[in-house]
Amino acid sequence: MKTQYQHTSVLRQEVLDFAPESTQTILDCTLGGGGHSLSLLEKFPKASLYGIDRDPFSIEAAAQRLQAFKQQTRLIHAGFSELSAIGNKWGKPQFDYVIADIGVSSEQLARPERGFSFINDGPLDMRMDPDHQTLTAGQLVNKASEHELLKILRNYGEERYARKIVSTILDERRKKTFRTTLELAELVNKVIPQRMKKRGINPATKTFQALRIAVNNELQELTELLEQAPSLLKPQGRMAVISFHSLEDRIVKHQFRKWEHPCVCPTDLPYCICGKISLGRVLTRRQVNASKDEIAKNPRSRSAHLRVFAFDKTTA
Ligand SMILES: C[S@@+](CC[C@H](N)C(=O)[O-])C[C@H]1O[C@@H](n2cnc3c(N)ncnc32)[C@H](O)[C@@H]1O
């Protein structure tokens with residue numbers, strides 16, 4: 001296996017700029033190739049860094065990248081939903097800065113055998129954690145009901161041609177089993193009308209995104225990460241989340257807003273009776289996007305949105 005991990009971290013400088021001054025403990029929930037972790041450790045060379053990733057290959061790559069900081073890093077192969085349990089294993093550290101750069105890494109996309117790519121042929125897999133996940137994209141494409149496939153393509157891909165794609169899949173699978181990513185990508189390419197295709201965007205993008213989200217239960221994982229976050233952070237800690245599509249960004253935006261304004265009292269009530277106290281404030285009124293310069297160097301950063309929440313639990 002090659003050791004070079006192909007991934008350029010997005011919004012790297014912005015992630016550093018939002019870190020609390022004199023950060024001592026960092027949690028990187030999406031180690032990937034360890035890029036964000038490394039920059040944070042270079043900025044805070046005395047900090048302890050704890051990291052997880054659901055992809056076992058990422059843990060190896062990040063450990064190599066962070067070799068110089070080996071004494072102060074603890075990396076574990078785990079998903080967001082396991083964070084509380086992992087925190088107990090680590091001795092319940094409280095963090096100054098929690099970062100999550102969610103989604104798929106360039107490395108995962110670049111390895112055809114992982115099945116995320118609609119450019120290079122590979123098995124229809126898409127599992128981020130092949131050691132523990134059993135459901136693959138192939139199983140969904142070949143076995144899921146029409147209703148379920150439609151729901152996936154519409155809800156997770158916002159795919160306008162969901163019905164046509166699904167009915168063509170259903171027709172085709174009466175004759176054969178879908179085995180590879182290119183078989184599916186070619187089918188989508190045939191179904192989407194020529195005039196609706198955008199230059200530089202593969203017509204299968206939304207279908208692949210939708211299947212990937214379903215296979216990895218990504219929105220539920222993100223929701224669970226956000227549920228656990230307040231208990232993981234120090235009273236004045238900060239959480240930074242980078243998302244790559246509107247479904248994730250919406251979840252983050254709403255959760256941050258709820259942390260800031262948790263009151264559920266009717267608006268015409270003169271004072272609060274629900275007793276819910278604000279956990280802090282949103283530092284990014286609008287999502288932070290990559291600069292033109294960054295997009296020119298790394299086109300993937302075009303879809304990255306950063307949001308940051310500053311906890312202030314001293315009054316809570
Ligand atoms: C965009 S990459 C992170 C890149 C990293 N920030 C860097 O600079 O190298 C996203 C990573 O998040 C991981 N990931 C996605 N969902 C996850 C989850 N629910 N739990 C843990 N890791 C997850 C993926 O396996 C992938 O390695």
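**View 1. A backbone atom of R54 meets a nitrogen of the ligand.** Here a backbone N or O atom of R54 sits 3.1 Å from a nitrogen atom of the ligand. Keep in mind while looking around that this is a predicted model. The protein wraps the ligand up well: of the 600 Å² of accessible area that the ligand has on its own, 99% is covered.

**View 2. D53 and G33 each come up to a ligand oxygen.** For D53, a polar side-chain atom lies 2.7 Å from an oxygen atom of the ligand. G33 uses its backbone instead, with an N or O atom 3.0 Å from an oxygen atom of the ligand.

**View 3. The shell around the ligand.** There are 24 residues around the ligand, and those that come nearest are S9, H36, D53, D101 and E221. Sorted by class, the shell holds twelve polar, seven nonpolar and five charged residues. As for the space that the ligand takes up, that's the largest cavity.

**View 4. Stepping back to the whole chain.** Count along the chain and you'll find 13 helices and eight strands. Its C-alpha atoms fill a box of roughly 65 × 55 × 40 Å along the principal axes. The radius of gyration is 21 Å, which agrees with a compact globule, because one with 316 residues would come out near 20 Å.

Key
Residues are numbered from 1 along each chain as its sequence is written. This is a predicted model: local features need pLDDT of at least 70, side-chain atom pairs count only at pLDDT 80 or more; totals for chains, interfaces and linings use all residues. Side-chain values use heavy atoms; hydrogens and water are left out. A residue is near a molecule or strand if one of its heavy atoms lies within 4 Å of it. A polar contact is a pair of N or O atoms within 3.5 Å; within protein, one must be able to donate a hydrogen and the other to accept it, and residues adjacent in sequence count only if both atoms are side-chain atoms. Accessible areas come from the Shrake-Rupley method with a 1.4 Å probe; for residues, only the protein chains shown count as cover. On a 1 Å grid over the protein atoms alone, a cavity is a set of points where a 1.4 Å probe fits but cannot get out, and a pocket is an open set with protein on both sides within 12 Å along at least five of seven lines; lining residues have an atom within 4 Å of a point. A molecule sits in a cavity or pocket if more than half of its atoms lie within 2 Å of its grid points. Ala, Val, Leu, Ile, Met, Phe, Trp, Tyr, Cys and Pro count as nonpolar, Asp, Glu, Lys and Arg as charged, and the others, Gly among them, as polar. Helices (H or I, at least four residues) and strands (E, at least two) are DSSP runs, numbered from the N terminus. The radius of gyration is taken over C-alpha atoms; the globule rule is 2.2 Å times the number of residues to the power 0.38.
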